[in-house]
Amino acid sequence: SVPYNMAPFQSIAWGIPINVGSTSTPVYVDLDTGSADLLVSGTICQGGTAGGCTSGVPYVMSSGGSYFACASSADCPGVQGPVTCDTGFATMSGQYCVAKDCYGDGTGAFSVVVTDSLGIPGVPSTTSVEYGSIYNPIKSNCISANPTFGAGFLAANWTGLFGVSFPGAGVIQSNPLDHLLAANGLPDMFSLCVLQSAAFMSIGADYRCNSQFVFVPISSPSSVLSISLGDVGVNGNSLGLSSSQLNQVNYPTIVDSGTSLVVLNNATSTALWGSLQGVCTTNPSLVGICNVTYANSIFMKTFSLSGQEALKYPPIYFTIPGSSSDYTVTLQSSDWILPFQQIGNTLFYRAGFQLYAGKQTILGDTFMGAVHVVFDKANNQIGFGPLSTCTLSAASSNCNPPTSSSSSNTGS
């Protein structure tokens with residue numbers, strides 16, 4: 001098993017170093033549990049940094065790497081979804097398999113599919129796997145027929161994005177991290193603590209025998225890393241929503257490190273806003289909540305707050321039901337009322353939530369920053385534990401989990 005201190009970028013992305021192709025040094029990539037493809041910006045990326053290509057270390061194909069030549073999309077092995085057989089690359093001639101990956105914020109990329117080496121520092125062996133070499137980053141409107149190209153897809157000077165979900169969440173569908181773990185005889189498990197300081201990732205570490213964790217089934221195995229919510233509440237009081245309201249049909253609740261906010265479906269949003277309005281009867285001084293419409297609230301706009309004002313907001317909890325025990329994650333005011341920008345000496349805040357997202361709920365970094373999340377793909381489950389377990393020593397070797405008795409755990 002391998003520990004990592006991840007690198008945060010402005011609270012919106014967390015990166016790890018990887019080795020790809022013949023690139024001489026490790027490159028940083030945004031680790032994304034909401035997607036499944038590895039995309040890297042390298043020598044064929046068009047437009048330079050102004051066009052959205054990396055300003056960091058570029059990917060260089062190794063002598064053993066290869067592109068997929070094609071006459072049609074049917075010639076592209078292992079690639080499904082938005083894939084074409086295309087031409088017009090600045091540094092190559094001929095037709096090659098191209099994948100179009102789009103993400104929830106409207107960004108994405110066109111990538112030429114390659115087969116090349118992948119490794120992670122500290123993991124002994126590399127493996128050969130399919131991933132995308134970006135040639136045209138998409139700045140916005142990715143899912144439209146005419147996307148806007150340019151800078152905006154890659155964070156900081158990172159080289160790419162590393163999707164680690166199930167194949168159904170990707171286009172190339174090669175499961176690169178899964179292949180690397182298998183090549184090294186490691187279990188298909190990894191964990192994340194997406195913290196502003198000392199962010200942590202474990203690879204192949206097994207936390208199932210740690211009694212501080214509760215493991216729950218993945219609700220859509222082979223599709224996305226998702227769970228079913230059991231309850232959401234404010235100030236210790238349940239919103240009173242049913243499971244079908246919290247978890248809409250065909251829209252599983254995704255645990256996603258690639259989404260910075262907690263995104264709530266319409267039913268949960270309406271109940272949450274109503275509950276917060278109720279808090280105003282006893283705490284009428286909540287800036288951006290009391291005496292404002294939702295459109296003018298702290299969920300939609302920024303507000304200057306004193307340190308004391310920022311701590312007055314009520315806690316919001318999420319309960320996740322397991323087969324024999326539940327886990328509750330509580331977001332204190334400092335977890336969800338977040339600094340957004342500073343102008344002069346004035347600090348402006350905004351809520352770390354996106355409300356009214358249709359049928360979809362996503363537990364993004366606002367949620368994940370309060371809990372240690374273990375993605376146990378080998379056993380189709382996700383574990384939740386306290387931040388005190390964000391160490392490799394909290395895991396066990398040769399773990400055979402005991403049968404759990406009914407209990408309830410909390411994290412905050």
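Visitor: How many aromatic pairs does the count come to?
Guide: This is a predicted model, where local features need pLDDT of at least 70, side-chain atom pairs count only at pLDDT 80 or more, and totals for chains, interfaces and linings use all residues. Residues are numbered from 1 along each chain as its sequence is written, and side-chain values use heavy atoms, leaving out hydrogens and water. Rings of Phe, Tyr and Trp (its six-membered ring) pair if their centres lie within 6.5 Å; planes under 30 degrees apart count as stacked, over 60 as edge-to-face and the rest as tilted. By this rule, the count of aromatic pairs is 21.

Visitor: Which kind of pair do tyrosine 103 and phenylalanine 153 form?
Guide: Happy to look at that one! Both residues, tyrosine 103 and phenylalanine 153, are buried (under 20% relative accessible area with a 1.4 Å probe, protein chains only; exposed is over 50%, partly exposed in between). Their centres are 5.7 Å apart with 25° between the planes, and the pair is stacked.

Visitor: Why is the pair of tyrosine 313 and tryptophan 336 edge-to-face or stacked?
Guide: Tyrosine 313 and tryptophan 336 are both buried. Their ring centres are 5.8 Å apart and their planes stand at 80°, so the pair is edge-to-face.

Visitor: Over which ring does the charged end of lysine 377 sit?
Guide: A charge sits over a ring if NZ of Lys or CZ of Arg is within 6 Å of the ring centre and within 35 degrees of the ring normal. The charged end of lysine 377 is 5.2 Å from the centre of its ring, that of phenylalanine 166.
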